[in-house]
Structures are given as C-alpha cells and as structure tokens.
Amino acid sequence: MNGYTSTTITAAGLAVAIALIGNELYRWWKGGAGGAPAAAGGGGGRNPKALIPFGSGISFGTLMVACPAGLLGVGAGFLRWGGNSFGDFLMRSFTGQTSTTVATGSAPALDGNGALVVTALVLGLFLLRKVFAKVAKGKFWRGVAAGTLIGIGTGVFAVVGQLVVPSVNTLGAQLVGAVVHGVLV
C-alpha cells in the first residue's frame with residue numbers, strides 16, 4: 001500500500017448505504033433470489049450464492065473508492081456525492097435534522113499492480129455485460145452504490161476496504177510476477 005485516497009461520508013450517506021445493505025439482506029432472508037418466494041421461482045430462501053452479485057458490487061464499489069483518479073475515481077466521488085446529498089435531503093425531510101460528517105477517512109489506494117487487475121475486471125465486465133441476468137445486474141449496481149458509501153468508513157465497514165484493496169494489489173503483483181517475469185510469488 002503506497003498511498004491513500006481521501007474522502008468523506010455523512011451520516012445521511014451512511015443511512016443510504018445501510019438501507020441498501022439492509023434491503024438486500026432482507027430480500028435474501030425472506031425469499032432468496034430477487035426477493036421472490038421459492039414457490040414463485042425465486043430460487044429458494046437463504047442461498048448464500050444469491051448474495052454474490054451484491055457482495056461483488058460492494059467489493060467493486062470499494063475498489064472504485066481506492067482509485068485516486070480516472071473514471072472509476074470520479075464515478076465513486078459522484079456516487080458518494082449522490083448518496084450523501086440524497087440521504088441529507090431525506091434526513092432533513094423526515095427528521096428536520098441536517099447530516100453531519102461521520103467519517104473523513106483514507107481508503108487504501110490501488111498501486112500499479114492493483115490497477116492492472118481492476119482494468120482487466122472492468123474490461124471483462126463490460127464485455128460480459130449481456131451475459132448477466134437483469135436481476136444480478138441490479139444487485140451488483142446496488143452493491144456498487146453501497147460499496148462507494150461504506151468503503152471509507154470506520155469500524156466494521158473499514159474491514160471491507162482493508163481486505164479488498166490490499167488483496168487486489170497483491171493479486172496484481174502475483175500476476176505480473178507470473179506472466180511477465182515467470183516467477184510465482
């Protein structure tokens with residue numbers, strides 16, 4: 001980890017992220033894939049595989065936060081701004097309170113090797129976009145939104161960023177070592 005990206009999340013943005021995560025977990029708990037009961041073709045209840053698209057989205061959103069610049073970094077900033085602003089609008093409308101900053105944190109930044117993995121991932125997802133089911137795409141994008149909002153948090157949420165980003169950096173270093181230099185690290 002050579003650097004950090006700095007960003008801010010408000011209590012309202014955190015509320016939006018928690019709502020997205022809670023909604024997805026509730027749908028999974030009650031009925032499985034897509035929230036439909038097993039009798040309606042929902043795929044059965046509480047199958048952990050049904051959470052893979054959402055969890056992948058959270059990981060990808062966290063990787064977006066770890067990008068210090070570029071389209072992914074700008075996209076993460078836009079999603080955070082949208083989540084913080086929308087959450088603040090809702091908080092003021094529902095409670096009359098304004099949102100406060102809960103975390104001004106630094107997420108671990110991708111290094112050159114991690115950027116290689118993320119670039120390959122983005123290109124692969126773009127090329128395979130027509131293959132994925134519409135339900136899985138929706139879960140993935142909700143996860144991306146939640147991941148950009150929780151990627152810099154503290155406490156439990158910090159674990160996501162501290163696991164995902166260094167792992168991707170290490171994977172990239174191993175790929176470069178194996179493919180370019182012929183050395184298994």
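Trp141 is exposed, with a relative accessible area of 53%, where exposed denotes over 50%, buried under 20% and partly exposed the range in between (1.4 Å probe, protein chains only). The structure is a predicted model, in which local features require pLDDT of at least 70 and side-chain atom pairs count only at pLDDT 80 or more, whereas totals for chains, interfaces and linings use all residues. Residues are numbered from 1 along each chain as its sequence is written, and side-chain values use heavy atoms, with hydrogens and water left out.

The aromatic contacts comprise 4 pairs; rings of Phe, Tyr and Trp (its six-membered ring) are paired if their centres lie within 6.5 Å, and planes under 30 degrees apart count as stacked, over 60 as edge-to-face and the rest as tilted. One of these pairs is formed by Phe60 and Phe140, with a tilted geometry of 5.8 Å centre to centre and 45° between the planes. Because Phe60 belongs to helix α2 (residues 52–66) and Phe140 to helix α5 (residues 134–150), this pair ties together parts that are 80 residues apart in sequence. Helices (H or I, at least four residues) and strands (E, at least two) are DSSP runs, numbered from the N terminus. Both Phe60 and Phe140 are buried. Phe140 also pairs with Trp141 in an edge-to-face arrangement, at 5.3 Å centre to centre and 80° between the planes. The relative accessible area of Phe140 is 15%. Phe60, Phe140 and Trp141 together form one aromatic cluster.

Cationic side chains are also placed over aromatic rings, the criterion being NZ of Lys or CZ of Arg within 6 Å of the ring centre and within 35 degrees of the ring normal. Arg46 lies over the face of Trp29, at 3.7 Å from the ring centre. Arg129 lies over the face of Phe126, at 4.1 Å from the ring centre.

Phe126 further contributes to a nonpolar surface patch of about 620 Å², together with Leu123, Leu127, Leu128, Val131 and Phe132. Patches are made of residues with over 30% relative accessible area and no salt bridge, like charges being joined within 9 Å and nonpolar side chains (Val, Leu, Ile, Met, Phe, Trp, Tyr) within 5 Å. Accessible areas come from the Shrake-Rupley method with a 1.4 Å probe, and for residues only the protein chains shown count as cover. Within the patch, Leu128 occupies the loop between α4 (112–127) and α5 and is partly exposed, with a relative accessible area of 43%.

The structure holds 3 salt bridges, each defined as a side-chain nitrogen of Lys or Arg within 4 Å of a carboxyl oxygen of Asp or Glu. Lys139 and Glu24 form one of them, at 3.7 Å from N to O. Since Lys139 is in helix α5 and Glu24 in helix α1 (residues 11–31), the pair ties together parts that are 115 residues apart in sequence. Lys139 is buried at 6% relative accessibility, and Glu24 is likewise buried, at 2%. Glu24 also meets the side chain of Arg142 in a salt bridge (3.3 Å, N to O). This second pair links helix α5, which holds Arg142, to helix α1, which holds Glu24, across 118 residues. Arg142 is partly exposed, with a relative accessible area of 27%. In helix α3, Arg92 and Asp88 form a salt bridge at 3.1 Å, N to O; being 4 residues apart, Arg92 and Asp88 are separated by about one helical turn. Arg92 is partly exposed at 41% relative accessibility. Through shared partners, salt bridges join Glu24, Lys139 and Arg142 into one network.

Helix α3 (residues 70–95) has 26 residues and reaches 37 Å from its first C-alpha to its last, close to the expected 38 Å; the expected span of a helix is 1.5 Å times one less than its number of residues. Buried positions in α3 are Gly73, Ala76, Arg80, Gly83, Asn84, Gly87 and Asp88. Just after α3, Gly96 adopts a positive phi of about 80°. Helix α5 has 17 residues and reaches 24 Å between its first and last C-alpha, close to the expected 24 Å. The buried residues of α5 are Lys139, Phe140, Gly143, Val144, Ala146, Gly147, Thr148, Leu149 and Ile150.

Leu110 lies in the loop between β2 (101–108) and α4 and counts as buried at 13% relative accessibility. The C-alpha atoms of Leu110 and Val168 are separated by 7.8 Å, although the two residues are 58 apart along the chain.
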